Amino acid sequence: MRQEEASTARARHAPSTVPNGFKQTEVGIIPEDWRVEPLEALATFLDGKRRPVKDSDRAKMKGSIPYYGASGIVDYVNDYIFDEDLILLGEDGENIISRSVRLAFRISGKAWVNNHAHVIRPNNDVSIGFLADYLESLNYEQYNSGTAQPKLNKQTCLRLPISIPPTLAEQQAIAEALSDADTLIEGLESLIAKKRAIKQGTVQELLTGKRRLPGFEGEWIIAPIKRICSMKSGNSITGDQIDDHSAYPCFGGNGLRGYTSAYTHDGVYCLIGRQGALCGNVVVARGKFFASEHAVVVSTNNEADTNWL
């Protein structure tokens, strides 16, 4: 077999990393009919129209129109610069790295935007919902040009590679599916917040005796904590004795530190952080575990239940 034929045969039978109907691009594997474009080919930046307003000046123009910054609404004013559907992309601030809130978000209607957010108007053949979600999905650490604080300059943003479906209909369908998911998540988060509030109220009532469970009665007593438990710091341990795969969990001042090959306790105990960022934090450890010197181990006697304490 000639060398060319052998090479062709090897290539024909070699496992492919790109599925049929897809292609490899600078942003990864995407459908064959999608394309990759720089952001500047899909939208127009309106940064030149932004105008920052000092706090003292905004105090003189209070109103109902949102005044936006890098991470959302900063204030409300009585005038506007924009009156359309747009995307804002935070230009500077720690949120570029931390992503504690959305970095790319949609605005609609009358709005004033300061100079801490890029203002983006998608082209007519680009879904604003799709583009906003795509921009939000990106990791911007590689595009950060700031030193004292993170920053995304306009020229870098213009060159951001965007993979986009060929039709507006498909873009809108994707945006709608993601919006439905966001709505579901928001509903679940709201439900969780309500349940937490209910639990907190129940905790206060039950732990103070204001509410009694069926079958229990009698007066509560007030006793010094030393009557129902003892407290003692854990044992010393060095960092090289802690890993992520040994048999026993190791607890320190901030909770679980990792795992180690020995244990100091076996049972159910309250641990109180006595040093570190979460000093005073309480966790319950069960089974065999190692308590370091940065955690206080609480041992209850027969008068108190560890989980209640």
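Here are three short exercises on this predicted model, each with a worked solution. Residues count from 1 along each chain as its sequence is written, and side-chain values use heavy atoms, leaving out hydrogens and water. Local features need pLDDT of at least 70, and side-chain atom pairs count only at pLDDT 80 or more, while totals for chains, interfaces and linings use all residues.

**Exercise 1.** Check the span of helix 7 against the expected value.

*Solution.* Helices here are DSSP runs of H or I with at least four residues, and strands are E runs of at least two, numbered from the N terminus. Helix 7 covers residues 168-207, which is 40 residues. Take 1.5 Å times one less than the number of residues, and you should get 58 Å. The end C-alpha atoms sit 57 Å apart, so the two agree. After the helix comes Gly209, with a positive phi near 80°.

**Exercise 2.** Is Trp220 buried, partly exposed or exposed?

*Solution.* First find Trp220: the loop between helix 7 and strand 13 (229-233). Next, the cut-offs: buried is under 20% relative accessible area, exposed over 50%, partly exposed in between (1.4 Å probe, protein chains only). Trp220 has 43%, so it counts as partly exposed.

**Exercise 3.** Work out the strand order of the open four-stranded sheet and find its edges.

*Solution.* Strands pair if DSSP finds at least two bridges between them. Strand 8 (residues 86-90) and strand 11 (residues 117-122) run antiparallel with four bridges, and Gly90 faces Ala117 in strand 11. The full order is 4-11-8-9, with antiparallel pairing. Strand 4 (43-45) and strand 9 (104-107) are the edges, each pairing on one side only.
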